[in-house]
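Colleague: Could you walk me through one part of this predicted model in detail? I'd like the sheet and whatever packs around it, one piece at a time.

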Amino acid sequence: MNHDDQVLDDPVGRSLRGRHARFARRLGRAAAYLPEAATFSAVSADPDAAEWADLAGLIGPGELADMFSCPATPPPDWQPVFSLEGRQMIWPGTARSDGSPAETETETETETETGTEIGTETGAGVVELGAESVAEMLDLVARTRPGPFWPRTHELGTYLGIRDNGRLVAMAGERLRPPGWTEISAVCTASEARGRGHAARLVGALVARIVARGERPFLHVAEANTGAIALYERLGFTTRKQVTFRGFRIP
């Protein structure tokens with residue numbers, strides 16, 4: 001499997017041209033996800049006026065062009081809607097013989113303190129989430145705001161959740177899929193269920209699945225979310241680069 005990290009400089013475009021081609025809409029050299037799956041758009045590394053015109057025609061006047069981490073500068077009449085500083089993190093760890101991620105000392109200590117191993121007496125086991133869980137997933141996202149999540153986002157990869165007395169209280173899943181890599185996304189926990197290690201358990205379970213199929217995990221996180229960054233670092237993720245997430249209104 002190709003683990004070239006240069007593909008992570010254009011994770012949206014490389015996903016849409018590869019494993020997520022069935023979720024893509026295209027016009028000329030511009031591409032974007034189907035809006036019910038994701039809002040992200042992609043252009044080439046050095047787009048010209050014609051390519052920006054393709055993207056405008058693809059998405060439509062008055063609509064949002066969510067450029068994700070693309071650093072290219074759109075035409076001056078495209079109105080900035082948001083700009084958020086963040087970072088891209090990768091998991092450079094190794095897998096054990098059973099395909100699960102090797103634990104760091106910090107990770108083991110955290111698991112012991114919070115009792116968050118799968119199948120413990122907490123009764124909150126990790127489950128796969130599918131189409132039947134979309135309403136619950138959308139509700140949890142609305143309450144926790146981990147980032148964009150739409151009715152078909154769960155189709156982009158595997159999504160896992162934790163229930164408490166039948167209610168979904170935490171989830172995380174796979175989103176962008178550039179060659180050799182899988183992005184972990186939508187990591188969120190309901191306020192009443194925080195402090196129990198749910199996020200660490202879910203991310204660890206996803207890392208194990210991704211590594212077992214010969215890929216490497218990566219993720220994106222807002223720079224202001226220091227708690228999440230600290231968690232990901234404890235789990236073994238390291239920062240690859242700083243990024244800026246941007247969106248523009250098409251005239």
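**A close look at the sheet and its surroundings**

Modeller: Sure, and keep in mind throughout that this is a predicted model. Let's start with a pair of strands: β6, residues 126–129, and β7, residues 159–164, pair antiparallel over four bridges. To find your place in that pairing, take valine 126, whose bridge partner in β7 is isoleucine 162.

On to the next pairing. β7 also pairs with β8, which covers residues 167–174, again in the antiparallel sense, and here there are six bridges. Two spots are handy as markers: glycine 161 sits opposite methionine 171 of β8, and leucine 160 has alanine 172 of β8 as its bridge partner.

β7 and β8 form a hairpin with two residues between the strands. Asparagine 165 is in the loop between the two, and its phi is positive, about 55°, even though the residue is not a glycine. As background, most residues other than glycine have a negative phi. Asparagine 165 is also exposed, because its relative accessible area is 80% and the cut-off for exposed is over 50%.

Now zoom out to the sheet that these strands belong to. It is an open sheet of eight strands with mixed pairing, and the order is β4-β11-β5-β10-β9-β8-β7-β6. The edges are β4 (64–68) and β6; each has a single partner strand, so one side of each has no neighbour in the sheet. From one strand to the next, the twist averages 30°.

β9, residues 181–189, has a couple of residues to pause on. One is glutamate 183, which is placed in this strand. It's a buried glutamate: its relative accessible area is 1%, so it falls under the 20% cut-off. What does its side chain pair with? There is a polar contact of 2.9 Å between the side chains of glutamate 183 and histidine 220. If you leave out residues up to four places away in sequence, glutamate 183 touches Phe68, Gly173, Glu174, Arg175, Leu176, Phe218, Leu219 and His220.

The other β9 residue is alanine 186, which lies in that strand. Alanine 186 has a positive phi near 55° despite not being a glycine. Unlike the exposed asparagine 165, alanine 186 is buried, because its relative accessibility is 9% and the cut-off is under 20%.

Next, the nonpolar packing. In soluble globular proteins, nonpolar side chains tend to be buried together. In this model the largest nonpolar core has 38 residues, and the members that touch the most others are Met171, Ile184, Val203, Tyr232 and Phe237. Two or more residues each come from α4 (134–144), β7, β8, β9, α5 (198–212), β10 (216–222) and α6 (226–234). The biggest giver is α5, with nine residues.

For a closer view of that core, go back to methionine 171. Setting aside neighbours within four places in sequence, methionine 171 is in contact with Leu129, Met137, Leu140, Val141, Phe149, Leu160, Gly161, Ala186, Val187, Cys188 and Leu202. Another core lies apart from the largest one; it has 20 residues, including Val7, Ala31, Ala38 and Trp181.

Since a cysteine has turned up in that contact list, what about disulfides? There are zero disulfides in the structure. Cysteine 188 is buried, because its relative accessibility is 5%, under the 20% cut-off. Cysteine 70 counts as buried too, at 14% relative accessibility.

Last, a look at the other sheet, for contrast. This one is open and antiparallel, with three strands in the order β1-β2-β3. Its edges are β1 (24–27) and β3 (41–42), each with a single partner strand, so each has one side without a neighbour in the sheet. β1 runs antiparallel to β2, residues 30–33, and four bridges join them. One opposed pair there is arginine 26 and alanine 31, the latter in β2. Helix α2, residues 49–59, packs on this sheet and touches β1, β2 and β3, with its direction making about 35° with that of β2.

Key. Residues numbered from 1 in each chain as written. Predicted model: local features only at pLDDT ≥ 70, side-chain atom pairs only at ≥ 80, totals over all residues. Heavy atoms only, no water. Pairing = 2+ DSSP bridges. Buried < 20%, exposed > 50% of the residue type's maximum accessible area, 1.4 Å probe, protein only. Polar contact = N/O pair within 3.5 Å; in protein donor to acceptor, adjacent residues only side chain to side chain. Contact = heavy atoms within 4.5 Å. Axes fitted to C-alpha atoms, helices over the stretch in contact; angles between N-to-C directions. Core = buried A, V, L, I, M, F, W, Y, C linked by side-chain atoms within 4.5 Å. Disulfide = S-S within 2.5 Å.
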